[in-house]
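Please walk me through a structure. I would like short questions with short answers.

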Amino acid sequence: MKLVIIDYGAGNIKSIQFAFKRLGVDAILSSNIEEIKGADKIIFPGVGEASSAMKMLKESGLDIIIPTLKQPVLGICLGMQLMCNQTEEGNTQGLGIFDVTVKKFSKDVKVPQMGWNTITNLQSDLFEGLTDKDYMYLVHSYYAENSSESIAKTTYDVEYASALQKDNFYGVQFHPEKSGKSGERILQNFLNL
Amino acid sequence: MLTKRIIPCLDIKNGRTVKGVNFVNLIDAGDPVELAKQYAEIGADELVFLDISATLEGRKTMHDMVLRVAEQVNIPFTVGGGISSVEDVDDLLHCGADKVSINSSAVKRPALINELSQKFGSQCVVVAIDAKQLDGKWMVHLAGGTIPTKLDLFDWAKEVESRGAGEILFTSMDHDGTKAGFANEALAKLSALVNIPIIASGGAGTVKHFVDTFTLGKSDAALAASVFHFGEIPIPELKKELRNNNIEVRL
């Protein structure tokens, strides 16, 4: 199993790498396009601000490559948001893999949403062995709107898509690498896809 | 629903936990990694490591500890103590810390909050505020409550939010160590004033104190040390009781 974590300068890559190590898999950090293309599975991480992360992707040409990948790709947090059409954060155009818009939470709730929340309406092999009573750790100020591509939903301010899937592309808003045993199960499920 | 969070705080000196810890099944109670793993296992939602090392060597061991925690623990954690620059934070985040907590350095140079939130995102910037009441006014203090400042708690909280803090860790020096309950009135006022999460700290002694700070105090999370370290309040039982009181928690 060759697992590559895309390293484009955004995010808590180390935590993801450690989480896979706990599952017995050594993930490779790489920004090399050939190495990414040659992987069995790919993680697309991201923490920080959308427009600057998108800029980094463009500088490395990864914005063109990622949507053409054929193997399972898992976007995490901002990674998932960048896989959508567009995000209100910095009025940024995303990669357009998911036909979804990313919006900011209203001022009716504390922003960012920070902490553990449930994921419901689970509709993917990614969630094998999990129920709508499992909690995931989330930290975010923007959310993906619900759509036909939603494979999990979470409620905070509104009901939104906490996970998306289209073909070989998966995205999760939460941090499976920080979500205890339930999160580790999702990472294991991704490896099993 | 988003749950309320329970956060044990570990004081670290030269890479070891300092306050006595009386925990079953621990091979080495002084090893923060062992302790952190145990806490993650029994349902702590997050952890805070506070470095109280006075020496440069002591601080260096912190990086090694952060790296080992990130390797072995599957819940988020915050690192605080002695952080005063963008480089300090860069180092800690690279070692795998999820968030950093700044206190005195933010009071001395508030622009640090802007620099950190712009570079790393608000989500990893916790501003810790220590305050106590002087003549009926909540005043910010430094160095563990020993040095008073001219800053009003609520003005300062507003300012740290506007500068990009993602969360506020408020410790009432009047309540800290008393085991008589959290500063719920001030906490509720803070929560209404700012639109970022508030972690309550100082005063935990009983399960009811946690219930009160989540209901009366409107806190988003509660932090404590000794009641957890000495097993006075086991986290699984605390969470069950919170749920019995209709407070959403992760079980």
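What follows is a set of turns on the chain contact and one pocket.

This is a predicted model, in which local features need pLDDT of at least 70, side-chain atom pairs count only at pLDDT 80 or more, and totals for chains, interfaces and linings use all residues. Residues are numbered from 1 along each chain as its sequence is written, chains are lettered from A and ligands numbered from 1 in the order in which they are written, and side-chain values use heavy atoms, with hydrogens and water left out.

Student: What area is buried between chain B and chain A?
Tutor: Buried area is the accessible area (1.4 Å probe) that two parts lose on being put together, summed over both. Carbon and sulfur atoms give 52% of it here. The total is about 2500 Å².

Student: Which residues in chain B lose the most area to chain A?
Tutor: Three residues together make up 26% of what that side buries. They are B:Leu2, B:Asn74 and B:Asn195.

Student: Which residue forms a salt bridge with A:Lys178?
Tutor: A salt bridge puts a side-chain nitrogen of Lys or Arg within 4 Å of a carboxyl oxygen of Asp or Glu. The count between chain B and chain A is three. In this one, the closest N and O atoms are 3.0 Å apart. The partner is B:Asp98.

Student: How many residues does chain B bring to the contact?
Tutor: Contact means heavy atoms within 4.5 Å. Chain A gives 29 residues. Chain B gives 38.
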